[in-house]
Amino acid sequence: MKKKILITPKSFFRARNKADEIFSQFDLDIVENNTGKTLTKQQMIELCSDVDGVIVGLDPMDEEVIRSAKNLKAISKYGVGLDNIDLKVAEELGIKVKKAEGTNTRSVAELTIGLFFALSRSIPKAVIDVKDGRWDRTIGTEIGAKVVGIIGFGAIGREVAKMSSGLEMEIMAYDPYFNDIELTRAMNVKMTNIDEILEKADFVTLHLPLNEETNKIINSKTLSKMKQTAYLVNTARGELVDEDALYEALKNGIIAGAAQDVFSQEPPDKQNKLLSLNNFILTPHIGAYTKEATERMVVISAKNLIEMLF
Ligand SMILES: NC(=O)C1=CN([C@@H]2O[C@H](COP(=O)(O)OP(=O)(O)OC[C@H]3O[C@@H](n4cnc5c(N)ncnc54)[C@H](O)[C@@H]3O)[C@@H](O)[C@H]2O)C=CC1
Ligand SMILES: O=C(O)CCC(=O)C(=O)O
């Protein structure tokens with residue numbers, strides 16, 4: 001029987017041909033998000049009203065959207081963060097949910113390491129300076145032998161650890177749900193508590209999911225435990241960091257700098273105070289935006305949806 005599906009992520013359509021090979025074997029009526037943007041809740045309610053399945057990016061799939069989608073049987077996440085999907089309601093209604101596990105691990109880890117360098121050598125400032133006619137040779141710091149503190153030791157956290165090890169960094173990690181001691185020994189990673197990470201790390205990097213437990217895990221109290229010379233890097237989710245507290249910490253020299261790929265509101269408001277700070281750098285949620293990762297996300301999210309629907 002024909003199934004109607006909705007595909008929302010903009011970058012899905014760049015590698016669309018990879019999914020067509022999979023879709024062509026099934027009887028599908030495909031609706032596409034042609035706005036080129038993340039959809040609003042109202043748009044999701046309208047577009048999901050009669051679909052059997054959805055491949056969803058960062059668009060809201062909250063309780064109201066899910067309950068209003070009367071035919072919905074499957075949600076395939078284009079990516080790995082499930083924080084935009086109300087998993088409890090989906091479970092209650094028997095709607096299957098699957099993420100495209102591991103598809104963007106390498107890309108996010110590479111961006112994270114790139115942000116370490118961007119911060120430690122003030123690369124964004126240096127580019128702007130020279131283009132604006134200033135020859136200001138800022139003295140940075142080396143990364144080798146510095147301590148990286150990884151909060152969330154899942155797929156991306158472990159990939160960052162591997163790359164940090166190649167840079168000869170000392171590696172610490174905090175993850176209350178990770179207990180493969182053999183692996184951490186083999187990787188030369190010290191598993192510890194969050195306080196030791198905050199107190200000792202030169203780079204604190206976030207790789208944990210957003211949920212009730214982790215919302216604002218970085219706040220004025222945790223920031224105050226960090227070294228004045230330390231950098232915070234967030235390529236996970238904006239809401240993990242209290243942005244007002246981060247602004248105060250950066251402005252008052254509580255920490256040296258921060259980089260974010262993600263914001264609690266995307267795109268951030270032009271008035272967002274963080275954007276006015278020289279020691280704050282950012283990228284527009286491009287962690288998974290590589291040719292390789294998007295192709296993997298397209299293939300796996302398409303396969304996952306088909307598996308759940310047929
Ligand atoms: N910037 C971007 O474009 C992307 C961002 N992400 C974000 O990165 C996150 C991590 O992705 P993966 O590593 O693939 O997920 P994963 O599920 O493999 O790893 C997450 C790890 O966090 C740990 N964790 C859970 N609660 C924790 C807590 N309270 N404290 C410390 N650790 C905790 C889990 O035990 C798990 O090991 C995603 O949830 C997503 O929000 C993921 C992909 C792309
Ligand atoms: O870039 C995307 O659309 C999704 C990437 C992401 O944030 C995730 O995988 O959770």
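**View 1. Strand 1 beside strand 3.** In this predicted model, strand 1 (residues 3-7) and strand 3 (residues 53-56) run parallel and are joined by three bridges. Isoleucine 7 faces isoleucine 55, which belongs to strand 3.

**View 2. The open sheet.** Five strands make up the sheet, ordered 2-1-3-4-5. The sheet is open, and its pairing is parallel. Strand 2 (28-32) and strand 5 (96-99) are the edge strands. Each has a single partner strand, so one side of each has no neighbour in the sheet. From one strand to the next, the twist averages 15 degrees.

**View 3. Helix 12 across the sheet.** Helix 12 spans residues 291-309. Four strands lie under its path: helix 12 crosses strand 1, strand 3, strand 4 (74-77) and strand 5. Relative to strand 4, helix 12 runs at about 165 degrees.

**View 4. The two domains.** Domain 1 comprises two segments, 3-102 and 290-309. Domain 2 covers 104-282. Their C-alpha centres are 30 Å apart. Contacts between them involve nine residues of domain 1 and eight residues of domain 2. On the domain 1 side of this contact, three residues are nonpolar, four polar and two charged.

**View 5. The surroundings of ligand 2.** The shell around ligand 2 consists of Pro9, Gly57, Leu58, Tyr78, Gly79, Val80, Gly81, Asn104, His285 and Ala288. By class, five of these residues are nonpolar and five polar. No charged residue is part of the shell.

Definitions and conventions: Residues numbered from 1 in each chain as written. Chains lettered and ligands numbered in written order. Predicted model: local features only at pLDDT ≥ 70, side-chain atom pairs only at ≥ 80, totals over all residues. Near = placed C-beta within 6 Å. Nonpolar A, V, L, I, M, F, W, Y, C, P; charged D, E, K, R; others polar. Domains from an automatic or database assignment. Contact = placed C-beta atoms within 7 Å. Pairing = 2+ DSSP bridges. Helix = DSSP H or I, 4+ residues; strand = E, 2+ residues; numbered from the N terminus. Axes fitted to C-alpha atoms, helices over the stretch in contact; angles between N-to-C directions.
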